[in-house]
Amino acid sequence: MTTEKTTRSPRALRFAEAGILFVLMLAIVVTIGVKMGNDKPVAVTAVERPDNAALAAAVIEARQEAASAETVAAPTPETFVADEQPVAADPLARYATATPAVIYQDGEAAYYDRDYDSAADLFTLYTEQRPANAWGHYMLGLALWKSGAVVEAETALAVAIDLKPDHVKSLVNMARVRLELARADEALAPVEDALSIDPEYTDGYRVLGRVLHTLGRNDEALDAYHEALARRSDDPWSLNNLGLIHLEMDAPEAALAPLARAAELAPETAVILNNLGMALERTGHAEQAALAYEVAADAGHAKADVSLARLEAFLADGGTAGETLDLAALAASFEALPRYAAESAGINGVVDDAPDSTMSADADSAVVADEEPTAVALGDGGL
């Protein structure tokens, strides 16, 4: 019994020592692993390890749940609702990086389309980028004028003239703007300056005629219109204005030829047809006058409508229709006299104006404003 006990004790001791050593080594390994994964010591608790099949099933289930959660969270086109209503874009925003040439061309296109407010906005932007370009200020002046900002238009044209004193179109349109501001006395100088620079500028003579007519200098006004027509015989507004002065001078026979020629050139222009109707009525051609008034009234001329009603009543009551004139022959007979002087005086009123021609300038192009015709009241004729 003693021998067996003695033999087992060293063996048990060795097993006990080996167990203690294993535990110590396991503790060291665990401690090192925890240190590598975290700066702070973490207590480790033994967990029963699942088998491989159970672990794989758990991973698959977790992945399916994650995919399902992503599908639910993603908005669909049918359920998506914007947080804010769309904000209207600034119409000039697209010009933030545009070249000056693009802005000029778009501004000119807006002017041609009679979108004068947009044209004024674009040429304001253009002049900010090219402040030393006279054409930009000129076009800004035209756009402002046509949009109703006449005082601001005068300022823009003044800048254009200051930058380019020989800018004929700016000078002529300055005269037009000052006429609209009822400052005819200040309109004379710029148009005279324009004609001293370019003595062949037809539109300058027409505007000079308007200024002189407004100032009551009728003989000089007639001369200015003949000067314009000597250079461009197919200018309907110079013809109209010439005929109008003859009507105001109580010389309707002299008005017939230029007004017939004007109506031939602009057959749908109400003011010209109304003035022709007046010349025909005053020379005793009531039936032809009624026809002219009718076309003018159809085009929206209110006074022509009144004149037409009066003549229709006159003819219905047995009034004389008068002989039929050959208006084409009258139109062909008109001849502009380069140095014409009127013998009458005391003419007052506002004359009509017309579209001017297009002109290129440097790398940019430009247009000259046209004016809407303004009729002059004259007795029953409805001018």
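Two rings of Phe, Tyr or Trp are said to pair if their centres lie within 6.5 Å. Keep that cut-off in mind, and let us start with a small group that it helps to describe: Tyr104, Phe123 and Tyr126 form one aromatic cluster. The model you are looking at is a predicted one, and it holds 4 aromatic pairs.

One of these pairs is made by Tyr104 and Tyr126, with 5.1 Å from centre to centre and 70° between the planes. Planes over 60 degrees apart count as edge-to-face, and that is the label this pair carries. The two partners come from distant parts of the chain: Tyr104 sits in helix H3 (residues 100-112), Tyr126 sits in helix H4 (residues 116-129), and they are 22 residues apart. Are these rings buried or exposed? Tyr104 counts as buried because its relative accessibility is 1%, and anything under 20% falls in that class. Tyr126 is buried too, with a relative accessible area of 0%.

Now move along to helix H5 (residues 134-146), where Trp135 and Tyr138 are 3 residues apart, so about one helical turn separates them. Their ring centres lie 5.5 Å apart and their planes stand at 90°, which means that this pair is edge-to-face. Trp135 counts as buried at 5% relative accessibility, and Tyr138 counts as buried at 0%. A little further on, you can find Lys146 lying over the face of Trp145, at 5.2 Å from the ring centre.

Tyr138 also leads us to another residue. Ser170 touches Tyr138, along with Leu157, Ala160 and Ile161, when residues up to four places away in sequence are left out. Where does Ser170 lie? Look for it in helix H7 (residues 168-180). With a relative accessible area of 0%, Ser170 is buried.

Helix H7 brings us to helix H9 (residues 202-214), since H7 is among the elements that cover the buried residues of H9. Others that do so include helix H8 (184-197), helix H10 (218-231) and helix H11 (236-248). How many residues of H9 are buried? The count is 12 of its 13 residues, so the helix is mostly covered. Among them are Tyr205, Val207, Leu208 and Leu212, and the list also includes Asp203, Arg206 and Arg210. From its first C-alpha to its last, H9 reaches 19 Å, close to the 18 Å expected at 1.5 Å a residue. After H9 comes Gly216, which has a positive phi, near 85°.

Let us step back to the whole chain. It contains 16 helices and 2 strands, and 40% of its 383 residues count as buried. Contacts between residues at least 6 apart in sequence tell us how the chain comes together: 62% of them join residues at least 24 apart. The chain exposes about 21500 Å², with carbon and sulfur atoms supplying 57% of that area.

Finally, how confident is the predictor? The mean pLDDT of the chain is 76, and 65% of the residues reach 70 or more. Over residues 28-47 the pLDDT is below 50, and this stretch has 6 contacts in the model beyond near neighbours in sequence. Residues 339-383 also stay under 50, and there the model has 152 contacts beyond four places in sequence.

Technical notes
Residues are numbered from 1 along each chain as its sequence is written. This is a predicted model: local features need pLDDT of at least 70, side-chain atom pairs count only at pLDDT 80 or more; totals for chains, interfaces and linings use all residues. Side-chain values use heavy atoms; hydrogens and water are left out. Helices (H or I, at least four residues) and strands (E, at least two) are DSSP runs, numbered from the N terminus. Buried means under 20% relative accessible area, exposed over 50%, partly exposed in between (1.4 Å probe, protein chains only). Contact means heavy atoms within 4.5 Å. Rings of Phe, Tyr and Trp (its six-membered ring) pair if their centres lie within 6.5 Å; planes under 30 degrees apart count as stacked, over 60 as edge-to-face and the rest as tilted. A charge sits over a ring if NZ of Lys or CZ of Arg is within 6 Å of the ring centre and within 35 degrees of the ring normal. Accessible areas come from the Shrake-Rupley method with a 1.4 Å probe; for residues, only the protein chains shown count as cover. pLDDT is the predictor's confidence in each residue, from 0 to 100. The expected span of a helix is 1.5 Å times one less than its number of residues.
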